[in-house]
Amino acid sequence: MITAERMAAVDENAAALGVPRKQLMESSGNAVARAVRGAADPGAAVALVCGRGNNGGDAFVAARFLDDYDVTVHLLGRPETIGTDIARENWGALTAADFDTRVVSDSRDLALDDPDVVVDALLGTGVTGALRQPERAAAEAINGTAATVVAVDVPSGVDADTGEAAGVAVDADRVVTFHDAKPGLDALDAAVTVADIGIPEAAELFTGPGDRRLLSRPADTHKGDFGEVLVVGGGPYTGAPALAAQAAMRAGADLVRVACPRAVADGVQGFEEGLILRPFDGDRLRIDHLDHVHELAAAHDAVVLGPGLGDHEATLAAVRDFLADFDGRAVVDADALGVVPDVDTDATLLCTPHGGELRGMGGPSADDWRDRLDAVADFAADLGHTLLVKGAYDVIADGERARVNRTGNPGMTVGGTGDVLAGAAGALLATQDPVDAGALAAYANGLAGDRVVDRQGYGLLASDLLPELPRTLWGGADE
Ligand SMILES: NC(=O)C1=CN([C@@H]2O[C@H](COP(=O)(O)OP(=O)(O)OC[C@H]3O[C@@H](n4cnc5c(N)ncnc54)[C@H](O)[C@@H]3O)[C@@H](O)[C@H]2O)[C@@H](O)CC1
Ligand SMILES: [K+]
């Protein structure tokens, strides 16, 4: 099953792998033609009723594969208003090849002439709300025929995710849907076929620019804000919490606060950039500080726990107690990771170990990412938390979903890049589910490193990643 939103992301990732949408449309159209062949023999009258989006584009392609049928292609609206270049090019190919094309500028003029098969290509996953005119009248006209109705991707007017229609919808006999089943189609009284359109599995497994679509959607659980992040870190390592906090800002958090030892707060630069300090006394985290940390954590959407805390016994005891009583969302990094397997917690954790830290947690060791994928997924399921295992290929898994990230380069083994990753993951965890947050953070952090190295060669500093982060998350894919 795939949602409409995820489908759009996978489609963009496929394009980034070199399989552009136009090729997918060619496969989709071919699949629609096969569905028509299954419904009627050559020579039968086939009316393709097309909207101006890519759903209509699929039907323009189908017409070329149905040259041995009596095909009529109806376009609702003027050709100049076709919404995408690829749909417009395919419409142009039909007119140039002298197909029977009809431009319907007034829906009252849609004359379907009693066809054997109607192809419903008015709207697909791009629909929002109830069908407007002229699509509504066209859907009613389709429902008024005695023809076998073959819907492209989803019956027009039906929400692919829920199966519900906000008003009039096409009543399809058959649906040919692309790449994977859509959750809403189960509920329909229609025969549904899933057509493979040549999207490689890599477009789903590997992170890509399409994953960034998650960030443009309104974050409904958080009333439209980007979330507030608390970094709990510092002790023997003083720079780590500042790096993590700045990365969280660059990855879009509205507000970042840092809980660190006063000794760290006083001595470190990098806190001046809009970060808010909430120091505790002394030079490392201890159990005495937990009231302060809990109170702060409860007021934030996500916590980043670990950067620079160190592995002093008193600090690890405090981390353990903190997690045992915490029920929010946290990224856990560095020395705090070793505590996670021993703690019973209601918190939602995104743990970010490298290979060595994973073994320290009792996790699997596997060099090849393919072997690691299954082993990490199993270990995440045992832990009951999400893992982002850093490596040449990062593996992100929670036991149900697994993703792999290929951005990044050997220059990023320098100290501090892990703190940047943890901070970015914290910002994303404030609004996204843990697998998506981990996958996006790994993608953006690695891409930031690739861009720095492309520009200046190796010799990268972790802080060089910070100014790159916003563009990797929100800028053009090819910048
Ligand atoms: N990966 C993908 O996403 C693929 C998509 N393909 C096709 O592309 C379709 C999605 O294409 P689009 O995103 O262009 O969207 P649609 O073709 O579904 O809709 C296009 C336009 O319809 C208009 N519209 C929206 N709601 C409306 C309403 N209630 N009443 C009237 N008009 C309305 C909007 O202006 C929208 O842009 C899929 O359903 C599928 O058929 C395939 O070609 C292959 C791959
Ligand atoms: K449709």
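In the predicted model, helix α13 gives the most to the lining of the second largest pocket, with four residues. This pocket has a volume of about 470 Å³. Its lining comprises 21 residues, and K390, G391, M412, T413 and T417 are the closest to its centre. Two elements, α13 (417-429) and α14 (434-456), give two or more residues each to this lining. By class, the residues around the second largest pocket divide into six nonpolar, 12 polar and three charged.

The largest pocket has a volume of about 1200 Å³. It is lined by 44 residues, of which R21, G124, T125, G126 and V127 are the closest to its centre. Contributions of two or more residues come from the elements α1 (4-16), α2 (21-39) and α3 (54-64). Helix α1 supplies the largest share of this lining, namely seven residues. The class composition is 19 nonpolar, 11 polar and 14 charged residues.

The potassium ion (ligand 2) is coordinated at 2.7 to 3.1 Å by side-chain and backbone atoms: N55 (OD1), D120 (O), L123 (O), V152 (O), V154 (O) and S156 (OG). Along the sequence, the donor residues follow the spacing N-x64-D-x2-L-x28-V-x1-V-x1-S. Six octahedral donors would ideally subtend angles of 90 or 180 degrees at a metal. At the potassium ion (ligand 2), the angles among the six donor atoms run from 64 to 170 degrees, and the site is irregular. The octahedral class requires angles between 65 and 115 degrees for donors that are not opposite, and over 155 degrees for those that are. The angle of 64 degrees falls outside both of these ranges, and the site is therefore not classed as octahedral. Among the donor residues, V152 has a relative accessible area of 0% and is therefore buried. S156 likewise counts as buried because its relative accessible area is 0%.

Nine strands form an open sheet with mixed pairing, in the order β10-β9-β8-β11-β12-β13-β14-β15-β16. The edges are occupied by β10 (276-277) and β16 (402-405), each of which has a single partner strand, so one side of each is left without a neighbour in the sheet. At the β10 edge, strand β9 (residues 255-259) pairs with β10 in the parallel sense over two bridges. In this pair, V258 of β9 stands opposite L277 in β10.

Strand β14 lies between β13 and β15 in the sheet order. Strand β13 (residues 348-351) runs parallel to β14, and two bridges join them. Here L350 stands opposite T386 in β14. On the other side, three bridges join β14 to strand β15 (residues 394-397), and these two strands run antiparallel. V389 of β14 is placed opposite V395 in β15. The two strands β14 and β15 form a hairpin, with four residues between them. Within β14 (residues 386-389), T386 and L388 point one way, whereas L387 and V389 point the other way; all are buried.

Definitions and conventions: Residues are numbered from 1 along each chain as its sequence is written. Chains are lettered from A and ligands numbered from 1 in the order in which they are written. This is a predicted model: local features need pLDDT of at least 70, side-chain atom pairs count only at pLDDT 80 or more; totals for chains, interfaces and linings use all residues. Side-chain values use heavy atoms; hydrogens and water are left out. On a 1 Å grid over the protein atoms alone, a cavity is a set of points where a 1.4 Å probe fits but cannot get out, and a pocket is an open set with protein on both sides within 12 Å along at least five of seven lines; lining residues have an atom within 4 Å of a point. Grid points are joined across faces, edges and corners, and a volume is the space filled by probe spheres set on the points. Ala, Val, Leu, Ile, Met, Phe, Trp, Tyr, Cys and Pro count as nonpolar, Asp, Glu, Lys and Arg as charged, and the others, Gly among them, as polar. Donors are N, O and S atoms within 2.8 Å of the metal (3.2 Å for Na, K and Ca); water is not among the atoms, so sites may look incomplete. Four donors count as tetrahedral if all angles lie between 85 and 135 degrees; four count as square planar and six as octahedral if opposite donors are over 155 degrees apart and all others between 65 and 115; anything else is irregular. Buried means under 20% relative accessible area, exposed over 50%, partly exposed in between (1.4 Å probe, protein chains only). Two strands pair if DSSP finds at least two bridges between them.
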